[in-house]
Amino acid sequence: MNDHDLKAGFRRHAQAALSLNVAYIGVVNGLFSRLHELGGATPGALAAACALDAAYTLRWCEAAFAFEYLDADGEVFRLTPSGEAMRPEAPDSLMPMAVQSVLSAHMAERAAGLMRTGERPGESVLAERATVLPWFGPMLERNFAALFENTICPSVPAFAAVDARGGLAVDLGCGNGWYLRALARRFGRLRGLGVDGFAENVEQARRSADGEGLGRRLQFRRGDVHELTLEEPADLIAMNRALHHVWEKDPDALFAWLRGNLKPGGYVVIWEPAWPRERAALREPGRRAMAFQNLAEHVQGNHFLRPEEIVQAFGKAGMPAPVHLSAAAKAAVGVAPGGGGANRCTQPQANSSSSQRCAGSLNDSATS
Ligand SMILES: C[S@@+](CC[C@H](N)C(=O)[O-])C[C@H]1O[C@@H](n2cnc3c(N)ncnc32)[C@H](O)[C@@H]1O
């Protein structure tokens with residue numbers, strides 16, 4: 001590749017990033033959605049409909065026109081097919097890419113500065129941009145709910161078993177609560193408790209559950225996984241892309257807590273991104289984002305886990321669990337039967353014993 005080709009290639013990358021930045025501004029201000037409803041509008045009418053500043057909205061319309069999210073007929077702007085696809089409500093919406101691009105830029109800036117001192121401020125970094133945090137949950141829901149509903153959920157018999165006894169499913173690090181909502185929609189008897197560190201996530205989770213008429217079965221509360229006390233032991237404890245967020249503090253204590261807070265015959269179900277064994281795998285297009293995220297999440301005090309580490313942690317806690325790879329080996333899902341309700345505790349408990357059996361079974365599936 002000569003210098004000219006190299007530059008042209010990077011110019012295309014830079015334009016793609018700018019295009020997502022323009023899209024982000026439209027997504028978080030409801031501009032794509034409102035313009036869809038209006039059919040077409042002048043910038044002034046669009047600004048009024050979205051309760052936004054008219055001068056900013058005019059400039060956004062021009063930028064969105066430049067990147068072909070909008071077409072123009074005189075002063076009236078309409079969505080193009082890519083503009084339609086950016087609507088958060090659109091089937092298979094492109095919204096997560098726009099949110100991810102701005103979140104990534106924010107995390108890159110923080111990592112760039114913090115690398116000089118080694119400081120790791122923690123989860124709060126996510127809340128430093130007022131417009132980003134409210135879109136964090138919806139972004140994850142759009143990215144992962146379909147994979148969960150279509151592939152993971154039907155492959156994990158533990159969910160139906162918990163439902164059959166009207167059991168309690170606890171989701172640690174629940175984000176906007178989409179996982180418990182998906183379970184509650186599918187299974188009519190199970191109850192859910194979601195816990196998350198961000199009040200914004202918990203409020204969204206409550207609102208969405210109420211909106212779907214699931215509010216009586218699903219509860220959400222703000223809390224720290226490391227200091228959590230449950231009012232009743234759980235039939236199932238789920239951690240969905242949340243384990244690596246709470247791993248570094250003390251994995252042994254965490255897994256002992258999981259085991260100690262299960263009812264007899266309860267389950268722990270963990271879904272995590274799977275960090276590859278070989279560095280060369282990071283060059284695969286589908287894993288590059290994971291390599292960036294692992295760098296960015298260092299700021300938050302996290303790192304991605306190899307599936308073997310999760311297997312070991314289950315085993316050490318006396319809950320041997322197979323961990324299955326799914327989504328082209330980018331996701332690891334472990335299901336452990338917990339056993340010992342007598343072991344319920346809020347403090348780490350290392351050597352409890354109970355009979356174990358293998359509960360979960362997942363077929364490998366290739367999803368992007
Ligand atoms: C990658 S997100 C996953 C959210 C959700 N489970 C999902 O699948 O969309 C990780 C979540 O863990 C939460 N979290 C991180 N550390 C936590 C802690 N110590 N206590 C409670 N929640 C925590 C974050 O607020 C965030 O919502």
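**Exercise 1. Domains.** State how the chain is divided, and how far apart the parts lie.

*Solution.*
Step 1. Two domains make up the division: domain 1 covers 3–93 and domain 2 covers 124–356. The model is a predicted one.
Step 2. Take the centres of the two domains over C-alpha atoms. Domain 1 and domain 2 are then separated by 35 Å.

**Exercise 2. The whole chain.** Describe the secondary structure of the chain, then its compactness.

*Solution.*
Step 1. Count the elements. The chain has 14 helices and nine strands.
Step 2. Compare the radius of gyration with the globule rule. The chain has 22 Å, and the rule gives 21 Å for 368 residues. These values are close, so the chain is as compact as a globular protein of that length.
Step 3. Look at the box along the principal axes. The C-alpha atoms fill roughly 75 × 50 × 40 Å.
Step 4. Check burial. Of the 368 residues, 41% count as buried.
Step 5. Turn to contacts with a separation of 6 or more. Residues 24 or more positions apart account for 70% of them.

**Exercise 3. The ligand shell.** Find how many residues surround the ligand and which are the closest.

*Solution.*
Step 1. The shell around the ligand holds 20 residues. The closest are L140, G173, G175, G197 and H245.
Step 2. Find the elements that give two or more residues to this shell. They are α7 (133–155), β4 (191–196) and α11 (243–246).
Step 3. Sort the shell by residue type. Nine residues are nonpolar, seven are polar and four are charged.

**Exercise 4. Two paired strands.** Work out how β6 and β7 are joined, and how covered β7 is.

*Solution.*
Step 1. Strand β6 spans residues 234–240. Strand β7 spans residues 262–273.
Step 2. Six bridges join β6 to β7, and the two strands run parallel.
Step 3. Pick one bridge. I237 has V268 of β7 as its partner.
Step 4. Assess the cover. Ten of the twelve residues of β7 are buried, so the strand is mostly covered.

**Exercise 5. Positive phi.** Place E68 and R241, and say whether each is exposed or partly exposed.

*Solution.*
Step 1. E68 sits in the loop between α4 (54–66) and β1 (70–73). Its phi is near 65 degrees, a positive value in a residue other than glycine.
Step 2. Count the neighbours of E68. There are 12 other C-beta atoms within 10 Å, so E68 is exposed. The cut-off for exposed is 12 or fewer.
Step 3. R241 sits in the loop between β6 and α11. R241 is not a glycine either, yet its phi is positive, at about 55 degrees.
Step 4. Count the neighbours of R241. There are 18 other C-beta atoms within 10 Å, so R241 is partly exposed. Buried would need 20 or more.

**Exercise 6. Residues apart along the chain.** Give the C-alpha separations of G30 from A51 and of E149 from W178, and the setting of G30 and E149.

*Solution.*
Step 1. G30 lies in the loop between α1 (3–28) and α2 (31–38). With 17 other C-beta atoms within 10 Å, G30 is partly exposed.
Step 2. G30 and A51 are 21 residues apart along the chain. Their C-alpha atoms are separated by 9.9 Å.
Step 3. E149 belongs to helix α7. With 16 other C-beta atoms within 10 Å, E149 is partly exposed.
Step 4. E149 and W178 are 29 residues apart along the chain. Their C-alpha atoms are separated by 10 Å.

Technical notes. Residues are numbered from 1 along each chain as its sequence is written. This is a predicted model: local features need pLDDT of at least 70, side-chain atom pairs count only at pLDDT 80 or more; totals for chains, interfaces and linings use all residues. A residue is near a molecule or strand if its C-beta atom, placed from the backbone, lies within 6 Å of it. Helices (H or I, at least four residues) and strands (E, at least two) are DSSP runs, numbered from the N terminus. Ala, Val, Leu, Ile, Met, Phe, Trp, Tyr, Cys and Pro count as nonpolar, Asp, Glu, Lys and Arg as charged, and the others, Gly among them, as polar. Domain bounds come from an automatic or database domain assignment. Two strands pair if DSSP finds at least two bridges between them. The radius of gyration is taken over C-alpha atoms; the globule rule is 2.2 Å times the number of residues to the power 0.38. Two residues are in contact if their C-beta atoms, placed from the backbone, lie within 7 Å.
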